[in-house]
Amino acid sequence: MFDFSQYVNRDFSNYDILIVDDTPMNVLLLQKMLQKLKFTLESAADGESALELIRQRSKEERPFSLILLDLRMPGVSGFDVLMSMKNIPGAEQSPVVVLSGMTDSVSINEAIKLGAKNYLQKPIIMQDLFDIVFSLLGIE
């Protein structure tokens, strides 16, 4: 189990994390996990909404600290989001962790090839989530 005791008195609100998932329960679960450490959170229920938020942040020169991205969504998929991010100035500053129930190596490798920094299989294990989040954000 993740040891929160060493982090409870630290302020992580300066880290903006975007959660992108079309399943409300998955968004809620991730929010509950990340709110424990007071990260600043935004969410998008589909790929198009996520791209709008990423574009807006790009214009404001405030990229997300991290993006947690579901791969399998109707309409604009997570793969589409990763491809589109390549054309958004500054989006490369936001590391992406893909979250998916897909376990085939082709999907995982494709996501990494498109720019994802890491992959977490659903259901998400809190220890794994925080290990990756803290590593990509450079939190010790």
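**Entry 1. Cavity**

I began with enclosed space and found about 30 Å³ in the largest cavity. The model I am working from is predicted. I counted one cavity of 30 Å³ or more. Which residues line the largest cavity? I listed Ile54, Arg57, Ser58, Pro63, Phe64, Gly90, Ala91 and Ser94. I sorted this lining into four nonpolar residues, three polar and one charged.

**Entry 2. Serine 94**

I took serine 94 from the lining of the largest cavity and placed it in the loop between H3 and E4. Is serine 94 buried or exposed? I read a relative accessibility of 6%, so serine 94 is buried, the cut-off being under 20%. Its side chain reaches the backbone oxygen of phenylalanine 64 at 2.7 Å. Leaving out residues up to four places away in sequence, I found serine 94 touching Pro63, Phe64, Ile67 and Met85. Pro63 and Phe64 are also among the residues lining the largest cavity.

**Entry 3. Pocket**

I then turned to open space. The largest pocket has a volume of about 190 Å³. I noted its lining as Leu82, Met85, Lys86, Ile88, Ala91, Glu92, Ser94, Pro95, Val96, Leu114, Gly115 and Lys117. How many of the lining residues are nonpolar, polar and charged? I have seven nonpolar, two polar and three charged. Ser94 is in the lining of the largest pocket and in that of the largest cavity; Ala91 is likewise in the pocket lining and in the cavity lining.

**Entry 4. Helix H3**

Leu82 and Met85 from the pocket lining led me to helix H3, residues 78-85. I listed the buried residues of H3 as Gly78, Phe79, Val81, Leu82 and Met85. Why do I say that they line one face of the helix? Viewed down the axis of H3, they fall within an arc of 160°, so they line one face. As background, I noted that an α-helix has 3.6 residues a turn, so residues three or four places apart point the same way.

Which elements do the buried residues of H3 pack against? I found helix H2 (47-59), strand E3 (66-70), strand E4 (96-100) and helix H4 (105-113).

**Entry 5. The N-terminal end of H3**

I looked for a cap and found serine 77 at the N-terminal end of H3. A side-chain oxygen of serine 77 lies 3.3 Å from the backbone nitrogen of phenylalanine 79. The backbone nitrogen of serine 77, for its part, lies 3.0 Å from a polar side-chain atom of aspartate 80.

Aspartate 80 is in helix H3 and is partly exposed, with a relative accessible area of 29%. I also checked it against glycine 47: the two are 33 residues apart in sequence, and their C-alpha atoms are 7.6 Å apart.

**Entry 6. Aspartate 21**

I placed aspartate 21 in the loop between strand E1 (16-20) and H1. With a relative accessible area of 2%, aspartate 21 is buried. Which side chains does its side chain meet in polar contacts? I recorded asparagine 26 at 3.4 Å and lysine 122 at 2.7 Å. Setting aside neighbours within four places in sequence, I listed its contacts as Asn26, Val27, Ala44, Ala45, Asp70, Met73 and Lys122.

**Entry 7. Backbone**

I followed lysine 122 along the backbone and found that its peptide bond to proline 123 is cis, with omega near 0°. Proline 123 is in the loop between strand E5 (118-121) and helix H5 (126-137).

I next noted positive phi values in residues other than glycine. Lysine 38 has phi near 60°. Lysine 38 sits in the loop between helix H1 (24-35) and strand E2 (40-44), and I class it as partly exposed at 48% relative accessibility. Glutamate 61 has a phi of about 55°. Its place is the loop between H2 and E3. At 71% relative accessibility, glutamate 61 is exposed.

**Entry 8. Glutamate 140**

I closed with the segment after H5, where I found glutamate 140. Glutamate 140 is exposed, at 75% relative accessibility. What does glutamate 140 touch beyond residues up to four places away in sequence? I recorded Tyr7 and Arg10. I also took the C-alpha separation between glutamate 140 and lysine 86, which is 29 Å for residues 54 places apart along the chain.

Terms used
Residues are numbered from 1 along each chain as its sequence is written. This is a predicted model: local features need pLDDT of at least 70, side-chain atom pairs count only at pLDDT 80 or more; totals for chains, interfaces and linings use all residues. Side-chain values use heavy atoms; hydrogens and water are left out. Buried means under 20% relative accessible area, exposed over 50%, partly exposed in between (1.4 Å probe, protein chains only). Helices (H or I, at least four residues) and strands (E, at least two) are DSSP runs, numbered from the N terminus. The arc is that of the directions from the helix axis to the C-beta atoms. Contact means heavy atoms within 4.5 Å. A polar contact is a pair of N or O atoms within 3.5 Å; within protein, one must be able to donate a hydrogen and the other to accept it, and residues adjacent in sequence count only if both atoms are side-chain atoms. On a 1 Å grid over the protein atoms alone, a cavity is a set of points where a 1.4 Å probe fits but cannot get out, and a pocket is an open set with protein on both sides within 12 Å along at least five of seven lines; lining residues have an atom within 4 Å of a point. Grid points are joined across faces, edges and corners, and a volume is the space filled by probe spheres set on the points. Ala, Val, Leu, Ile, Met, Phe, Trp, Tyr, Cys and Pro count as nonpolar, Asp, Glu, Lys and Arg as charged, and the others, Gly among them, as polar.
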